[in-house]
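Got the model open in your viewer? Let's take a walk through its salt bridges, one selection at a time.

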Amino acid sequence: MQTDLKFMRRALLLASRGYTHPNPMVGCVIVKDGVVVGEGWHPAAGEPHAEVFALRAAGELARGADVYVTLEPCCHHGRTPPCTQALITAGVKRVIVGTRDADVRVKDQGLEVLAAAGIEVTSGVLHDKCREINRAFFHFHEIGRPYVTLKCAMSLDGRIATHSGKSQWITGQAARTYVHEIRARSGAVIAGINTLLKDDARLDARLPNNVQVRQPLRVVVDSHLRLPASSAAVRLARENPETHPLLIATTRNPPDAGVAALAGAGVEIAALASDFEGRVGLHGLMALLAERKVASVFCEGGAQLAASLLIDKLANEAMFFMAPMIIGGRSSPGPVGGIGVESIAAAWHTGPVRVRKFGSDLLLQAKISY
């Protein structure tokens, strides 16, 4: 059992290297006589799966070997052939799986195919950790809507900007680099119109050394189409319509002038039903994103959008970066706007808080419960 745990931990580490949305991150380790003979991970959607890379590395040594894989091997033809057949053809002896797949095309069937071929199958090794690394993938397939993470950068006294609206930069380079990694792993990055107007944010993923990764769908919630056509987000979409699409979510019957100014190459305007306050209905927006197979949404502000996602019980996780500074000011904004709760008992609670350090900044991360 300790051996199984050891090699599954290695497979999890490999899995974390992928930028795979909408696919799950998967790692694979092939072991023969206690020695690793092949490793692999799924790098991106459309690329070969982790098992294929590991089998290629192992070659003939895969015959009679043990295979550790974080997720149940696929058994269907998608953009790549089924991994179950590759494992059977390679003649592996045993397959140890972290967790079963949530995709109905695979769930339980992958293990059944392997067992029917005479391969010994073990599942559930580091089950919780293997689900956690793909929590957005499981949530999307089991609940039917995107997994939403609220992100903010704030000072020790809980301010996300000064009283004049200045916020660049509260956190240091290490934290900002990590945020770009999360963007690259997300199906969509979403922000409210006020954030775009204040920061002229691009909302794309930019990794060090110009590493090229898939870009998330960029979404701006703009109830009255106030986003300028000259904004960085719009310019990026028009210059790179294939790789940097922009979706502007607005309410029904948007102003004709706004539509004419913003619609065009790489820019899509989605007119959605409004909520009781006249803002874009977020349930409708999440349904639209789900239809487009967006499994995870990374919300980067602002305070009103964060409040609305909490009120609508759509936010699943909080990632609050805290920088070693004090901003102060009665009118300096906090990460969550709106009128707030009436009593402490009505506050939104979270599960255990995980604390990580990025340079001089702290990341406080927790799942939200309702």
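Select glutamate 120 to start: with a relative accessible area of 44%, glutamate 120 is partly exposed (buried means under 20%, exposed over 50%, partly exposed in between, using a 1.4 Å probe and protein chains only). You're looking at a predicted model, where local features need pLDDT of at least 70, side-chain atom pairs count only at pLDDT 80 or more, and totals for chains, interfaces and linings use all residues. Residues are numbered from 1 along each chain as its sequence is written, and side-chain values use heavy atoms, leaving out hydrogens and water.

Now add arginine 94, whose side chain meets that of glutamate 120 in a salt bridge at 3.7 Å, N to O (a side-chain nitrogen of Lys or Arg within 4 Å of a carboxyl oxygen of Asp or Glu). Arginine 94 sits in strand β4 (residues 94–99) and glutamate 120 in strand β5 (residues 120–123), 26 residues apart. Helices (H or I, at least four residues) and strands (E, at least two) are DSSP runs, numbered from the N terminus. Arginine 94 is buried, at 15%.

Next, pick glutamate 132 and lysine 367, a salt bridge of 2.6 Å, N to O. Glutamate 132 is in helix α5 (residues 127–132) and lysine 367 in strand β15 (residues 361–369), so this pair ties together parts 235 residues apart in sequence. Add Arg135 and Glu317 to see one network, joined with Glu132 and Lys367 by salt bridges that share partners.

Last stop: arginine 10 and glutamate 39, with closest N and O atoms 2.8 Å apart in their salt bridge. Want to keep hunting? The structure holds 14 salt bridges.
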